[in-house]
Amino acid sequence: MPKITFNLNNKDITITTAYNRRLLDVLREELGLTGTKEGCAIGECGACTVLLNDQAVNSCLLLIGQVEGQNVLTIEGLSTKGELHPVQKKFLKHGAVQCGFCTPGMILSAHALLHKNPSPKEEEVKEAITGNLCRCTGYKQIIDAVMDVTKG
Amino acid sequence: MKKNFSLIGKNIIRQDGLEKVTGQAKFADDYTFANQLTAVMVRVPVAHATINAIDYAAIENDPALTAIVDATDIPGAKKIGAIRQDQPIFAYDKICTHGDVVAMLVGESHDALLALRDKIKIDYTELPVLSDRTKALDKDAPIIHEQYENNEIVHYPLRKGDVETGFKNSDHIIEQTYTTPLIEHGYIEPEAVTAILREGNKGVQIIGSIQNPHTTQNVVAAVLGWPLAKVRIQQAELGGSFGGKDDTMNVLSARAAVAALKTGRPVKIRYNREDSILESYKRHPYTMHYKVGFNNDGKLQAMKIDIIADGGAYSSMSPFVTWRTVVQATGPYEVENVWTDVRAVYTNNPYTGAFRGFGSPQPIFAQESLMDEIAVRLNMTPDEIRRINGFKAGSVTASNQVLKDHDVNLLTVMDTAIEKSAFRKKWRANRQNNLAKEKSFTIDEENLFLNKDDFVDPQNVIKRGIGLAVSFRGSSLGAEGIDAAAAYLSVQKDGSAYLLCGLAENGQGLRTTYSIITAEVLGMDIENIFYLEQDTGLIADSGPTVASRSTIMGGGAVKDAADKIRKRLEDILKPEWKLTDSDELVFKNNKVQNPKNKSQEMRFGDLCKLANSKGVSLSVIGWNKGPDVGWEEETGQGDAYFTYVYGCQLAEVAVNTVTGEVAVERIIAVHDPGTVINKMGAEGQVYGGVTQGAGFGLWEEISTHEGMPRELNLDEYLVPTSKDIGEIIPIFVEGKDKYGPWGAKSLGEPTLELTAAAIANAISNATGKRFFNLPLNLEELLLNRKLHKEDLQRGSL
Ligand code: FES
Ligand code: FES
């Protein structure tokens, strides 16, 4: 089986596995990173969102071979030195979490948006998370949380 | 007078928030056990058949297969069900619906098992499929379960007064039929469960995405033929449920347990979305026939209601769901003469059960549409007709219950909503607008060129509408079941505490609400409360986490536990401080103080240490039993619920008359849930419930072809996204009540049940047309019917 090297959560790692496994499965089963969830497996729900070179992507639709040499960030890599990332803090402050199943993907989509657009309008926030389904919250507090990050 | 609370009604950060924002929270599929096996379901591709034989010969010796598990492996009950035991763990005599599973292949590789599945030979004889609920009771209808004489699961009559005389005395009569579709819960986390055999004679441990651990415990124990205590159910972090992870999870847990027993290894079942939608139960489709008589002054005289609910293949919760329907079918209105029949029937469709709202969103759509029709007929505004007939203090319900001992806030919530939106003015203006005669378009044979004003002006394509809906809703289970809950509170000698209630966290935020209640009573730091895992071994059966009963019932139990601890602490301190029993102490800011002598003060932790040194136990079980309620089965009369909550939702929509698209611009949601304990949680319930309600009203539908669902994943089943709904404004009117902790009652379900009805009324206000069949999607608006594919082919095939 081939060796695949990529940067995961700011560390270079090399794993030995088949090229055609889904990134989602490698993260969850091989690397124990279960913060990335599976909700539909067809790119509709966004529960499996990770960042690939700062872009939000569905890890259920990516094969591990496709991330060779790339940078992948999962929810586990977002907070640094035990300090929550601002998006995480605002999610807590605004009650943007209910069951929490969509939360990792939602936070990463928001983070990707803020990375390229630090002061988005509300419509842009809605657009950025439109691929992340949440059945619990009705999105309102999530949108408030993301808008609040931009206020610092 | 409002009590001066420290934490209640404030913004408090979720108990379980940290683990959820960091991805550490462990959901059912995040657990892995050494040596664990996986499982694949074997199904038959028909909705109705008798099973003649299953031939496993082609796979039996395959090395990828550890075991085949089917009904012959079940030591105890082969069929389960809360009221009727009609649902098989593994189907063995017949197939009643597409989701049925005849066997489970267990092994190490999921992919390998999938390949084996196709080699099994199942010999079956197809039977005629019953998919139309309105034909289920016909003489020639195929019988789904031979042990019952017909397809009726349950029939609830309600008889009050004399409807025939009522209709005779009415100036007007309107009759209409309404339908609602199958709705999928759409929790984002699909089902997962693992069963692990424990050492020696300790039995089995099950951990999964389980909504009601004690119900699962009962089912698994029955299936294994074991004592209840030999079965320990732990709830993993639950990725949404909305009533949906009950029966399905009981069945999956039982399958996993039987497989673990057979193989001696941990067995995990994890469903993908297609498995989930195919096999899990859904919201009941209803066909509702309403006849209402009323006078020129607007007063309702009589209502005759006939409702058929599609229970699908199994009875599941149908007897409970439809009971709520019969209690609430006339809506929050005084009607002297009522004749209601609610029936749930078997079909070969996916089975139906509990779903947030629980038998109320359907009749609310019907009765609130009807009230608006009456208003239009009498040239009144929608609020006027509701003011004339709506419940007030002392009103009598259809089941002859007098509404008392709480604020009957129906009209208050409605008035709050209409004031917030200038409702009457907008409603009248929109109506005027849609009554304005549409310009007719005729072809001029002489001149085939179109004139400028023959073109549709994009400005006129969008029509605005405003509509409202109101409801009353019985809190908790009512006469449906035993209503009591337990809480365990164990305060440690340093003042930190373990807390657990028998009702389960499904995402709604009850850990936070219970922590707030505890911290409020004891004045302790909320960060010092550590919520325990939901485990049947740690806490008493408190009934299911349903019926918006967590705050009123579980909250009451938690408060009872905290009150007991506080009493013990006061009993220690008062003699020390030379105070009498009647002297009050203040528990606040992590301190206990004598308000009359502020120098008498002690840190909460020090007081707990003192209690410990005196041998006083600070571990207690709180208990809360609901007051007695009653129901007369033959006539549908009685005090159905011990208290009620009231709500009004108002919708403002923009309808595109060319595409049929409806944009929900604003929903004002006014609810009286009693005292609000967890403010952010309560607001979250409103936002989430309204969004689900809008989905029910406008987009969501599982359609079936010969009993087989067409929409098996989230590409075709349309769960609302962040862009699908406009502003939602939650407003709480906190009425007083003697029940519930500080008068806190229910909110989760009222938030969902009203939205579709309010939107439907707004659409009528915009278009001047009435729609009778949910969802009000593009084709319903433009063509007055649903467009479904003839078969099951997907668009891309
Ligand atoms: S699991 Fe990848 S988008 Fe749903
Ligand atoms: S919080 Fe439950 S799905 Fe978003």
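**Exercise 1. Place Asn590(B) and judge its exposure.**

Asn590(B) lies in the loop that links β22 (586-588) to β23 (591-594) of chain B. This is a predicted model. Next, look at the backbone: the phi of Asn590(B) is positive, about 65°, although the residue is not a glycine. Now count neighbours: 15 other C-beta atoms lie within 10 Å of Asn590(B). A buried residue needs 20 or more, and an exposed one has 12 or fewer. Asn590(B) is therefore partly exposed.

**Exercise 2. Is Ala41(A) buried or exposed?**

Start with the location. Ala41(A) sits in the loop between α1 (23-30) and β3 of chain A. Its phi is also worth noting: about 70°, a positive value in a residue that is not a glycine. Then take the count: Ala41(A) has 20 C-beta neighbours inside 10 Å. The cut-off for buried is 20 or more. So Ala41(A) counts as buried.

**Exercise 3. Describe how α8 and α9 of chain B pack.**

First, find the helices: α8 covers residues 361-377 of chain B, and α9 covers residues 382-389. Second, take the geometry: the angle is about 105° and the axes are 8 Å apart. Third, classify the angle. Values from 65 to 115 degrees count as roughly perpendicular. Therefore α8(B) is roughly perpendicular to α9(B). Fourth, list the residues in contact. α8(B) brings Met371(B), Asp372(B), Ile374(B) and Ala375(B). α9(B) brings Pro382(B), Glu384(B), Ile385(B) and Arg386(B). Last, sort them by class: 5 are nonpolar, 3 are charged and none is polar.

**Exercise 4. Split chain A into domains and describe their contact.**

Domain 1 of chain A spans 3-76, and domain 2 spans 86-150. Their centres, taken over C-alpha atoms, are 21 Å apart. Domain 1 puts 14 residues into the contact, and domain 2 puts in 12. On the domain 1 side, β3 (49-52) and β4 (55-58) of chain A each give two or more residues. β3(A) gives the most, with 3 residues. By class, this side of domain 1 has 7 nonpolar, 5 polar and 2 charged residues.

**Exercise 5. How many residues does each chain bring to the contact of chain A with chain B?**

Chain A brings 41 residues and chain B brings 42. Four helices of chain A each supply at least two residues to its side: α2 (86-93), α3 (103-116), α4 (122-128) and α5 (140-150). Sort that side by class: 21 nonpolar, 13 polar and 7 charged residues.

**Exercise 6. Which residues does the cis peptide bond join?**

The bond joins Leu774(B) and Pro775(B), with omega about -5°. Pro775(B) belongs to the loop between α18 (755-767) and α19 (778-783) of chain B.

Notes
Residues numbered from 1 in each chain as written. Chains lettered and ligands numbered in written order. Predicted model: local features only at pLDDT ≥ 70, side-chain atom pairs only at ≥ 80, totals over all residues. Contact = placed C-beta atoms within 7 Å. Nonpolar A, V, L, I, M, F, W, Y, C, P; charged D, E, K, R; others polar. Domains from an automatic or database assignment. Axes fitted to C-alpha atoms, helices over the stretch in contact; angles between N-to-C directions. Parallel < 35°, antiparallel > 145°, perpendicular 65-115°, else oblique.
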